Amino acid sequence: MHEADSPSSQDPAPGAGHGAVTVVSGGSRGLGLAVVERLLERGDRVATFSRRGSEGLGALARRHGDRLLHRAVDAADPGALRHFVAEACDAFGTIDHCVANAAVAAEGVLATMPDADIDAMLGVNLRGSIVLVRECVRRFLARPAAAGPRPPGSASVVVVSSIVAARGSPGLAVYAATKAGLEGFARALSRELGPRGIRVNAVAPGFLATELSASLPDEQRARIVRRTPLGRLGEPADVVGAIAFLTGADAAFLTGVTLTVDGGGAT
Ligand SMILES: NC(=O)c1ccc[n+]([C@@H]2O[C@H](COP(=O)([O-])OP(=O)(O)OC[C@H]3O[C@@H](n4cnc5c(N)ncnc54)[C@H](OP(=O)(O)O)[C@@H]3O)[C@@H](O)[C@H]2O)c1
């Protein structure tokens, strides 16, 4: 766990928030960091990983102390993911939600894309998310008696897809394949786990102003803004609410859906 500071005024009062334990992959920056912050603010205990730490995570650790656990883990390594989930469960006693957010995007036309780039995207975005979700689902299903009974629908998985999965984009075919794969995974898993009271949904953001999209040429960026009804590129803060909603009690009867958060959709 990050070095714990004394509780601050930003921490919810004891008993406030719903105190769920949520695993978030890729929490060091961009959307993942914003999700970690929002979930900590609502009272969750959050376990997150990325390959490296970040200033943003350090600041959250100082503010929220023992409710945040961060480890350096490569999502391409299934053994490391297994170990991370076991450690999170040991630290917090249970796991209630899993947000599979970590991803990499290598741009380039398929004809010249090296195997290494294809492997990296499949390994992190698809296999890494699937293995992480599997490890969390094992914990959902083996909830310790000490953690008390779980109301149906209160455990959930959210996979972070992309609008590119449904719409496509030149230079992002392999990335789109990983995201479309994740959406199919979520839909099928929602059917498998619904009878066990576990919900599985996807969130598909439009283009966001983060490091992942930093290489987007200005011209393409301007075109997306022009064609988006709400007239701007998204920010992580625009997507966090959808993830908080899907992992919250208000979504207790919602499973198997992909929530698109893209300002109305660039055509
Ligand atoms: N940005 C967009 O335009 C956009 C649009 C639609 C959907 N999305 C999706 O939204 C999610 C978040 O994207 P973002 O824009 O916030 O990306 P980002 O700013 O690049 O952040 C990605 C996060 O994932 C972590 N990560 C990457 N590779 C990893 C690995 N091998 N092992 C462990 N952690 C890894 C990164 O940390 P380290 O590098 O330290 O490992 C970082 O914390 C992704 O699923 C992305 O596909 C993004």
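Here are some numbered notes on a predicted model, to read with the structure open.

1. Start with the sheet. Seven strands make it up, and it is an open sheet with parallel pairing. Going across, you meet the strands in the order E3-E2-E1-E4-E5-E6-E7. At the edges sit strand E3 (68-72) and strand E7 (258-261), each of which pairs on one side only. If you ignore direction, neighbouring strands are turned against each other by 15 degrees on average.

2. Now zoom in on one edge. E7 pairs with strand E6 (residues 198-205) in the parallel sense, and four bridges join the two. Want one to look for? Find Val-203, then look in E7 for its bridge partner, Leu-259.

3. Next, see what lies across the strands. Helix H3 (residues 78-92) lies across strand E1 (21-25), E2 and E3, and runs at about 160 degrees to E2. Helix H6 (173-193) lies across strand E5 (155-160), E6 and E7, and here the angle to E6 is about 160 degrees.

4. How many aromatic pairs does a search of the whole structure find? There is one. Its members are Phe-49 and Phe-84, with ring centres 4.9 Å apart and planes at 70 degrees, so the pair counts as edge-to-face. The cut-off for that label is an angle over 60 degrees. Phe-49 belongs to strand E2 and Phe-84 to helix H3, so the pair ties together parts that are 35 residues apart in sequence. You have just met that helix: H3 lies across E2.

5. Then there is the largest pocket, which holds about 920 Å³ of space. It is lined by 41 residues, and the closest to its centre are Arg-29, Asn-101, Ala-103, Val-104 and Leu-212. Several elements give two or more residues to this lining: helix H1 (30-41), strand E2 (45-50), helix H4 (115-141), helix H5 (163-167) and helix H6 (173-193). Which of them gives the most? That is H1, with three residues. As for the kinds of residue, the lining has 20 nonpolar, 14 polar and seven charged.

6. Finally, look for closed-off space. The count is one cavity of 30 Å³ or more, and about 40 Å³ of space lies in the largest cavity. Its lining consists of Ser-25, Phe-49, Ala-75, Leu-81, Ala-100, Ala-102, Val-124, Gly-128, Ser-129 and Leu-132. H4 gives the most here, with four residues. The lining divides into seven nonpolar and three polar residues, with no charged ones. Notice a familiar name in this list: Phe-49 lines the cavity, and Phe-49 is also part of the edge-to-face pair with Phe-84.

Definitions and conventions: Residues are numbered from 1 along each chain as its sequence is written. This is a predicted model: local features need pLDDT of at least 70, side-chain atom pairs count only at pLDDT 80 or more; totals for chains, interfaces and linings use all residues. Side-chain values use heavy atoms; hydrogens and water are left out. On a 1 Å grid over the protein atoms alone, a cavity is a set of points where a 1.4 Å probe fits but cannot get out, and a pocket is an open set with protein on both sides within 12 Å along at least five of seven lines; lining residues have an atom within 4 Å of a point. Grid points are joined across faces, edges and corners, and a volume is the space filled by probe spheres set on the points. Ala, Val, Leu, Ile, Met, Phe, Trp, Tyr, Cys and Pro count as nonpolar, Asp, Glu, Lys and Arg as charged, and the others, Gly among them, as polar. Two strands pair if DSSP finds at least two bridges between them. Axes are lines fitted to C-alpha atoms, for helices over the stretch in contact, and angles run from 0 to 180 degrees between N-to-C directions. Contact means heavy atoms within 4.5 Å. Rings of Phe, Tyr and Trp (its six-membered ring) pair if their centres lie within 6.5 Å; planes under 30 degrees apart count as stacked, over 60 as edge-to-face and the rest as tilted.
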